[in-house]
Amino acid sequence: MAGYYDDLEVRGPEEREEALSEALPATIGRARTAPALARLLRDVDPDSVIDRAALARLPVIRKSELAEAQAKTPPFGGFTTRLAAEFDHIFQSPGPIYEPGRREGDWWRLGRFLHAAGVGRGDIVHNCFGYHLTPAGMMFESGARAVDAAVLPAGTGQSELQVRAAVDIGTTVYAGTPDFLKVIIDKADEMGEQLAIRRAAVGGGALFPSLRALYADRGIATLQCYATADLGNIAYESDAMEGMIVDEGVIVEIVRPGTGDPVPEGEVGEVLVTTLNPDYPLIRFATGDLSAVMPGISPCGRTNMRIKGWMGRADQTTKIKGMFVRPEQVATLVARHPEIQRARVIAERNGEMDSMTVQLEVKAGAPEDFQNSVADTLKLKGQVEIVQPGSLPNDGMVIEDRRSYDE
């Protein structure tokens with residue numbers, strides 16, 4: 001389909017949900033052939049998981065569980081449906097966490113993003129993602145191959161050599177972290193060289209508006225994606241630049257931090273991702289990132305769900321008075337009292353001592369009604385404040401640390 005990577009991007013809602021009802025049972029069934037997932041999903045009938053509501057009833061997988069499983073059963077902890085030797089690549093990310101990779105097809109699905117960024121045949125991609133141990137370099141190389149672009153496997157560092165290669169080869173597209181492109185541009189200016197780069201496909205860090213504007217002033221159109229080593233491409237920008245469009249090979253849920261409970265559209269929560277990858281079918285994998293669903297579809301015409309992009313970290317575990325307070329505990333407090341709509345724990349300093357305030361969105365009630373529950377679930381005593389429903393910030397934060405660590 002002209003202008004789009006394929007017709008999946010412009011499916012109507014009924015067609016998309018029908019495809020989901022077929023893909024989910026197949027994915028769950030395939031996942032149950034991986035030893036770790038077979039244990040996790042042993043009581044789940046794959047044929048019953050036919051929509052998002054059914055998916056939301058399945059357990060959440062957290063990266064800490066993945067790391068623990070890999071330590072016991074290296075390298076993949078029983079989460080893959082293939083043996084390690086049946087993959088083309090095995091990567092190591094900090095942790096360490098081991099990730100598989102394959103050359104077949106566009107295994108990480110970065111081609112869809114690069115196509116949306118205007119990259120294709122005739123382009124030479126200056127790939128500055130790392131090739132050493134970690135998968136990002138191969139992820140973007142695979143995506144470039146999918147759109148028939150050539151690749152300079154540049155990796156990181158050595159800015160002078162990067163400029164020399166970019167000029168000699170005539171690379172037209174930069175792929176890498178948002179800030180390293182500026183290093184290359186500044187070095188090219190210093191060397192008196194002219195770059196042919198006109199597009200940038202970035203990820204792995206924050207693309208600040210000022211940086212995007214700086215590149216635009218140099219004639220470089222910059223778009224970003226949201227991808228991880230475990231999941232591949234999750235969401236990406238198009239030239240509409242209104243939020244990030246969820247990739248067609250994953251299912252994204254936004255849930256209340258510390259739980260697997262979906263939040264209403266527009267509310268900030270943790271990003272959970274289910275991949276439809278038959279080799280590595282992670283189910284409800286918690287990214288630890290915060291985002292929110294945007295209403296409507298992108299002006300570019302792509303019809304999949306949009307999210308607002310990265311909005312912080314969901315793992316807000318904070319030590320107060322020597323005790324760790326976790327988002328899961330806050331979720332337990334809310335679950336105990338149906339009248340509580342949302343809760344927020346605030347850590348502050350009172351002189352040289354930590355203090356804790358628990359704000360509760362409740363239509364009617366008194367602080368003393370919840371004191372015992374707060375102490376029981378959080379294992380700490382603190383001040384309870386009743387606030388009006390809807391008054392707490394919509395930022396996905398359930399534990400806010402206001403203490404200054406610079407004083």
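Helices (H or I, at least four residues) and strands (E, at least two) are DSSP runs, numbered from the N terminus. This is a predicted model, where local features need pLDDT of at least 70, side-chain atom pairs count only at pLDDT 80 or more, and totals for chains, interfaces and linings use all residues. Residues are numbered from 1 along each chain as its sequence is written, and side-chain values use heavy atoms, with hydrogens and water left out.

**Exercise 1.** Place glutamate 248 and work out which side chains it has polar contacts with.

Step 1: look between β10 (244-246) and β11 (250-255); glutamate 248 sits in that loop.

Step 2: check burial. Glutamate 248 has a relative accessible area of 11%, so it's buried (under 20%; exposed is over 50%, partly exposed in between; 1.4 Å probe, protein chains only).

Step 3: go for polar contacts (N or O atoms within 3.5 Å; within protein, one must be able to donate a hydrogen and the other to accept it, and residues adjacent in sequence count only if both atoms are side-chain atoms). The glutamate 248 side chain has one of 2.6 Å to that of arginine 11 and one of 2.7 Å to that of arginine 16.

**Exercise 2.** Classify the ring pair of phenylalanine 129 and phenylalanine 140.

Step 1: recall the rule. Rings of Phe, Tyr and Trp (its six-membered ring) pair if their centres lie within 6.5 Å; planes under 30 degrees apart are stacked, over 60 edge-to-face, the rest tilted. That gives 6 aromatic pairs.

Step 2: apply it. With 4.2 Å centre to centre and 20 degrees between the planes, phenylalanine 129 and phenylalanine 140 are stacked.

Step 3: check burial again. Phenylalanine 129 is buried at 7% relative accessibility, and phenylalanine 140 is buried at 5%.
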